[in-house]
Amino acid sequence: MQLYRERDVPANDHDRVFRYSRTRATVVYALLFGGAMALFSNGVRERVVPLQLLGLLGAALLFLAKRFLLARFRPSNWVVRATESGVYVKFRSYLNYHFSADDLTVAFIPYREITAARVVRETVEKLDLSTRIDGSRSNRAASYQRRATAELELSCDTTALAAAVLEEDARPGPSEKRWYGRTSTRANHHPVMLEKSTRLRIVWECVPRIGRFIAVLSSHVKVDVTGTRIWSSEDVQELDRPALERRIAELARAGKMREARLQTRLHFAYDNDETQQFIERLLRAQGDAVSGRRETA
């Protein structure tokens, strides 16, 4: 396995490239914009001011959200590039195209380092953080999201990949100058996850469909039967938890408390008090571990 900057990934006309659909995004955006304009037109025709305001508000929101559409037409809109010798997997979201081009965001995995591949149909339980009764987590409402993932079982050392994925997930958005001041934008979108250091999971929202990707792999690696899985939010949080805790502690020790709190709330859904207590426990635990190693030495 080898990590690359996106700009250093070699491109070939014979590669199979899997990306987010441009056609689908354009159709959805056009339908929403047409709906907003229809509201405004009906409001003008019927002289109903609330409909006019709703139409204008919808059009304004779509204008502000245009980056989600335009991002699909950028060269950075791809997740997997399958070549004759292996696959390039990009773990930076296409929505974060404005991040530094010097970051390592692509992993090249030769076919010989993939021991198996499979399709997994997942049902993910997502807790509604806005609904809390007496502070009890068990009483929070839940919604369910169904998705397909491509899972690759790896035989290589993934230490560098795990660190790069975690760093990408924790990386804050770059500061940008606007007419109203400076701001930073980061999309909370994670297309690739590393589970238990040997299993790479790619959330498949791409075209062509996941079956095409598995068909490409089947010429080079063993393909297992399609599986199903139900995730709870707690299960998702456990993915690479030790590495995540180390990252949060490193941010806190470096004085980057804002980023440490952000990552804690993002991955563990804690409130302000729980976030502070969690970071303090991490620092104490890792401090005790360091002291113990020194005494042993």
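Arg92 sits buried in this predicted model, with a relative accessible area of just 5%. Its side chain doesn't go unpaired, though: Arg92 makes a salt bridge with Asp103, and the closest N and O atoms are 2.6 Å apart. Both residues belong to the loop between β4 (86-90) and β5 (104-110), where 11 residues separate them. Asp103 has a relative accessibility of 16%, and since anything under 20% is called buried, Asp103 goes into that class too.

Asp103 has another partner as well. A salt bridge ties Asp103 to Arg171, with an N to O distance of 3.4 Å. This one spans 68 residues, running from the β4-β5 loop to the loop between α4 (159-170) and β8 (175-178). Here again, both Asp103 and Arg171 are buried.

Now for the strands β6 and β7. Arg147 and Glu122 meet in a salt bridge at 2.9 Å, N to O. Arg147 is in strand β7 (residues 142-154) and Glu122 in strand β6 (residues 114-127), 25 residues apart. Glu122 is buried, because its relative accessibility of 2% is under the 20% cut-off. The pair is also part of something wider: salt bridges with shared partners knit Arg118, Glu122, Arg147, Glu151, Glu153, Arg199, Arg201, Lys222 and Asp224 into one network. Over the whole structure, the salt-bridge count comes to 18.

Charged pairs are one part of the picture; the overall fold is another. The chain holds 9 helices and 13 strands. Of its 297 residues, 40% count as buried. Among contacts with a separation of 6 or more, 70% are between residues 24 or more positions apart. As for the outside, about 17,100 Å² is exposed, and carbon and sulfur atoms supply 53% of that area.

Six of the strands make up an open sheet in the order β1-β5-β4-β3-β2-β12, paired antiparallel. The edges are taken by β1 (2-5) and β12 (206-207); each has a single partner strand, so one side of each lacks a neighbour in the sheet. At the β1 end, 4 bridges join β1 to β5, and the two run antiparallel. Tyr4 is placed opposite Val106 of β5. Strands β4 and β5 of this sheet also flank the loop that carries Arg92 and Asp103. A helix lies across part of the sheet, too: α5 (residues 210-218) covers β2 (16-20), β3 (80-82) and β4, and makes an angle of about 155 degrees with β2.

Back on the surface, a nonpolar patch turns up, made of Leu39, Leu54, Leu57, Leu61, Phe63 and Leu64. Together these residues offer about 610 Å² of accessible area. Helix α2 (residues 49-64) is the main contributor, giving 5 residues to the patch. One of the patch members, Leu54, has its place in that helix. Leu54 counts as partly exposed because its relative accessibility is 47%, which falls between the 20% and 50% limits.

How values were computed. Residues are numbered from 1 along each chain as its sequence is written. This is a predicted model: local features need pLDDT of at least 70, side-chain atom pairs count only at pLDDT 80 or more; totals for chains, interfaces and linings use all residues. Side-chain values use heavy atoms; hydrogens and water are left out. A salt bridge is a side-chain nitrogen of Lys or Arg within 4 Å of a carboxyl oxygen of Asp or Glu. Buried means under 20% relative accessible area, exposed over 50%, partly exposed in between (1.4 Å probe, protein chains only). Patches are made of residues with over 30% relative accessible area and no salt bridge: like charges are joined within 9 Å, nonpolar side chains (Val, Leu, Ile, Met, Phe, Trp, Tyr) within 5 Å. Accessible areas come from the Shrake-Rupley method with a 1.4 Å probe; for residues, only the protein chains shown count as cover. Contact means heavy atoms within 4.5 Å. Two strands pair if DSSP finds at least two bridges between them. Axes are lines fitted to C-alpha atoms, for helices over the stretch in contact, and angles run from 0 to 180 degrees between N-to-C directions.
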